[in-house]
Amino acid sequence: MLATKNNLTTDTTARRVTTDSLDWLKHPDGFVNRHTGPDAGDIDKMLAVLGHASLDGLVDAAVPANIRLARPLNLPAGRSEFGVLNELRAIAAQNQIFHSYIGLGYHDCITPPVIQRNILENPGWYTQYTPYQAEISQGRLEMLLNFQTMVCDLTGLEIANASLLDEATAAAEAMMMCHRLQHEEGRGIFFVSQDCHPQIIEVVRTRAQALGLGIVVGSHRSFNFDGRIFGALIQYPDTYGAVHDYQTLVKEAHAVGALVVVAADLLSLTMFKPPGEFGADVAVGSAQRFGVPLGYGGPHAAYFATREAFKRQMPGRLVGVSKDSRGRPALRLALGTREQHIRREKATSNICTAQVLLANMAAAYAIYHGPEGLKNIARRIHRLTAILAAGLERLGYNVGQASRLSSSARGDTDAQEGRLPYFDTLRVELGLKRSSDLVKIADAHGVNLRVIDPKTVGVTLDETATVEDLRALLQIFNSDRPVDLSLEELADQPLPVIPASLARTTPFLTHAVFNRYHSETEMLRYLKRLESRDLSLTTSMIPLGSCTMKLNATCEMVPVSWPEFSRLHPFAPLSQTQGYQILFGQLEEWLAEITGFSAISLQPNAGSQGEYAGLLVIRKYHQSRGEGHRDVCLIPTSAHGTNPASAVMAGLEVVAVACDKEGNIDVADLRAKAQAHKDRLASLMVTYPSTHGVFEGNIKEICDVIHEFGGQVYMDGANLNAQVGLCRPADLGADVCHLNLHKTFCIPHGGGGPGMGPIGVAEHLVNFLPGHPVVEVHTFSGDNPKVELQPIGAVAAAPWGSASILAISWVYIAAMGAAGLTESTKIAILNANYIAKRLENYFPTLYRGHGGLVAHECILDLRDFQSVTAEDVAKRLMDYGFHAPTLSWPVAGTMMVEPTESESKAELDRFCDAMIAIYGEISAIETGRLDKQNNPLKNAPHTADAIASDNWNHPYSREQAAFPAPWLKEHKFWPAVGRIDNVYGDRNPVCTCAGMEGYPA
Ligand SMILES: Cc1ncc(COP(=O)(O)O)c(C=O)c1O
């Protein structure tokens, strides 16, 4: 029997009678009732408004019968929060926390507790969406501006964005930017230093192959630049720890018109010359070690900095300063805010969800420590590394890069010294010993070293390292015998001198924000102040269509901070990560059942990356059949902007398919385009239910048309929240689908990330799923174990993407169970239809599907109003305490509302009441009862200081402005700034904090 909300809450007697088990002795507090908003009584009332007798009757009417799943999902039954967390604890206990000295761009670090509790574990910081409604997002926008300032300062470059997904994909984005900038006939090769981290090389190589760009991986010491090279990527310090003087290389690259990308460690830049000062054009890297837990690979924020001149070619989101309606500084996303939607296949990248929460944490870490604190942390790590180097040398090891100097053809100044400078990483040549023997000893000490080759290992220290750790390390290198060395004596040796050509001499983080909040009290208040400027799910519903802003339950979030999940290095041996392997296996199995696919790859770390990965899989499949020439991708005009942007990244040519007046794919046009391109047809990208919010009855026919002409169907799973338990992408005919775990499966949006975009694939595509150069990734494939793997390469830096947040989706599915998940889909459909119905006489729903109903979201049409725009309504909603629905997408002049199953009837009613009240205000404007310009909508949002001002020169009352609805007397959210002038900001771009000179001494 399917457990519905009705019988879960009221039918306990019946259950007692019909079951002979002890089920009724289970704790009565089921999670499903916590996750879904309306209770049984509300559901009945809402159904009555909709004229349906039962929830199942409504769903039968909304979802076409021919696509329905005829059986319940085959998943475990739901469990209590308490029970699920206990179960997950047992799984987590199978992970072993070793001290990892593996390095490779990942470092254990100390998350200051004030940041852990007040950002990472705080729904006031993690439940927001990307700050499109800037007036109610000033808190995280300010922290992102801090992040950008920090990156600019540390890298010595002029402009930085508000985070990218990881270091490796940031490097790939940089390669693409260099290509856009320097592209010309005969110039198509990107040079990659062989001393970059292997995962970076692999991700860049995968990206280049898709775009038909040449890659040369070689020694930066001997590479000869010529006019065929458009860019170069070098690592600083390199993957083995050496800090090179790249000035000559940069000059040589520039001399032939190539741009230089430096993958740099941010902490090391407190001591070493920043890339911008030795001529680099782009710097990329990870901000992970700035207080963000390892998390077995993520989520972490990558950074991307470049020259001002290249800002319009930069990937990702950029926060900039503008002014509000009262002329005061106000922040908002600058330039191409939603640029994929505007530029589609011409977009600079497909990045949509990035890593905002983690960028905020990294910026907060820099603020808390300040420039001196960061320098001290870096110096301490460097000193510990120097002591270790001295100790290892006393033990007879060849430490550092000395033996590799002979290969230098450039005569780098650093080569004179006999050993290259290092920061935190040593390359240790073992002489007669073998790496494998050393690793065995290390293992017994709970230590991971990096195995470089059978006779060389790497050791990377981080801020958690102690003198005791050094002693243990030296004992490991001393064949497990305690060392007869005085660390005190080694510590007294002078530190190796950083050559003047490599030393940092310029100040950084001089802005007041990095010098004010060093006590916990000050920091706490700063974080709270920023939090209070953001409207998050802790205030009210965020009905953003296509974004699925559902509950991010506390029980789902709790495990993310458990050390067994958060302190594992992504390249730790699999034997230490058994708990994670169990979690991945179960999650893959559950997602495969939910989608109907044969296998899941958990690597892509955003929906956009899932799209790119899925399309690469499709390309590889065609190539494997000798049909590599198939390179046309059909995309309906209603598609999300990431779709065409991803198709281009996968090397495909985009052909648009029309939609009919009902908002459905125009099947005749689809057939005509498929036929016209039949020899080159690679795929269709289709979102289901469509971005127009309806279940298209002919989705199976649409998939059949594509298959008939030799193409594959890529389903964008952003709207999976309307499918779970009712229908499955694979059964509809899709071959690949990405799942935005940060929508349907409860990972919070973090204010613009993190997210996860795993892909599911049909059996014939399993062998092509992403691989990884460092860790072997296993992929669940049901009864069909893979035989001949032909992976597309890596699409993210870490083998399982942002692994630690997969625990969130695991808890959600485990706690909801098959019946709970299906129930929640039905309520999502109920809630959307209830809003559409309540608002139909004010704001008609643009498209309706099967049964005259919508799916899980509805598009409200505001295009008939003469005097106000959809944007005015969005800003006025802020005065009522609400975040606007998705604005003018996918149809200009409309609002797309997605309430999700987690909102109660009371909250839906409040939202509808606000919209109806705004309709009343619009009517007053349209009929001349309110002024056409000086009215509550055009002046919205109203700030507290505007209301308190002595200059109130509006023909409506202060009360109408700020307290237009009764609930506002109980709780009022005040927008921090008035309406923001976007045009001004784009004309006068400022994307870092002002300098110290702007502040009184
Ligand atoms: C329909 C659709 N496709 C793709 C995406 C991109 O997903 P992500 O932001 O995770 O990259 C979104 C994000 O909003 C979306 O709504």
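Select Ser-546 together with the ligand: an N or O atom in the side chain of Ser-546 is 2.6 Å from an oxygen atom of the ligand. Taken alone, the ligand exposes 400 Å², and the protein buries 99% of that. The model is a predicted one, and this tour begins at the ligand before turning to individual residues.

**The ligand and its surroundings**

Keep the ligand displayed and add Thr-353, where an N or O atom of the side chain is 2.6 Å from an oxygen atom of the ligand. Next select Asp-716; here a polar side-chain atom lies 2.5 Å from a nitrogen atom of the ligand. How many residues surround the ligand? There are 15, and the closest are Thr-353, Ser-546, Gly-607, Asp-716 and His-742. Colour helix α22, residues 607-624, which gives the most to this shell, with 3 residues. If cavities are displayed, the space taken by the ligand is the second largest of them.

**Asn-740**

Move to Asn-740, in the loop between β21 (736-738) and β22 (759-761). Is this residue buried or exposed? Asn-740 counts as buried because its relative accessibility is 6%, below the 20% limit for that class. Beyond its neighbours within four places in sequence, Asn-740 is in contact with Gly-607, Gly-717, Ala-718, Phe-745 and Met-756. Gly-607 in this list has already appeared among the residues closest to the ligand.

**Thr-548 and Leu-509**

Select Thr-548, in the loop between α18 and α19 (554-557). Its phi is near 50 degrees, a positive value in a residue other than glycine. Thr-548 is buried, with a relative accessible area of 1%.

Continue to Leu-509, in the loop between α17 (487-492) and α18 (520-531). Leu-509 is not a glycine, yet its phi is positive, at about 50 degrees. Leu-509 counts as buried, at 0% relative accessibility.

**Two cis peptide bonds**

Show the backbone from Tyr-236 to Pro-237, where the peptide bond is cis and omega is near -10 degrees. Pro-237 is in the loop between β5 (229-236) and α12 (247-255).

Then show the backbone from Tyr-688 to Pro-689; this peptide bond is cis, with omega near -15 degrees. The loop that holds Pro-689 runs between β19 (681-687) and α25 (699-708).

**Helix α9 and the segment after α32**

Select Gln-138, in helix α9 (residues 138-155). Gln-138 counts as buried, at 6% relative accessibility. Leaving aside neighbours within four places in sequence, the contacts of Gln-138 include Ala-330, Arg-533, Asp-534, Val-977 and Ile-980.

Next select Thr-992, in the segment after α32 (982-987). Which residues does Thr-992 touch, not counting those up to four places away in sequence? They are Leu-145, Gln-148, Thr-149, Cys-152, Glu-158 and Val-321. A distance drawn between the C-alpha atoms of Thr-992 and Leu-144 reads 9.4 Å, for residues 848 apart along the chain. Thr-992 counts as partly exposed because its relative accessibility is 22%, between the limits of 20% and 50%.

**Thr-845**

The last selection is Thr-845, in the loop between α27 (806-839) and β23 (858-861). Thr-845 is buried, with a relative accessible area of 11%. Setting aside neighbours within four places in sequence, Thr-845 is in contact with Ala-836, Val-854, Cys-858, Ile-859 and Leu-860.

Terms used:
Residues numbered from 1 in each chain as written. Predicted model: local features only at pLDDT ≥ 70, side-chain atom pairs only at ≥ 80, totals over all residues. Heavy atoms only, no water. Helix = DSSP H or I, 4+ residues; strand = E, 2+ residues; numbered from the N terminus. Buried < 20%, exposed > 50% of the residue type's maximum accessible area, 1.4 Å probe, protein only. Contact = heavy atoms within 4.5 Å. Near = heavy atom within 4 Å. Polar contact = N/O pair within 3.5 Å; in protein donor to acceptor, adjacent residues only side chain to side chain. Areas by Shrake-Rupley, 256 points an atom, 1.4 Å probe, with all protein chains shown as cover. 1 Å grid on protein atoms, 1.4 Å probe; cavity = no way out; pocket = protein on both sides within 12 Å on 5 of 7 lines; lining within 4 Å. Sits in = over half its atoms within 2 Å of the grid points.
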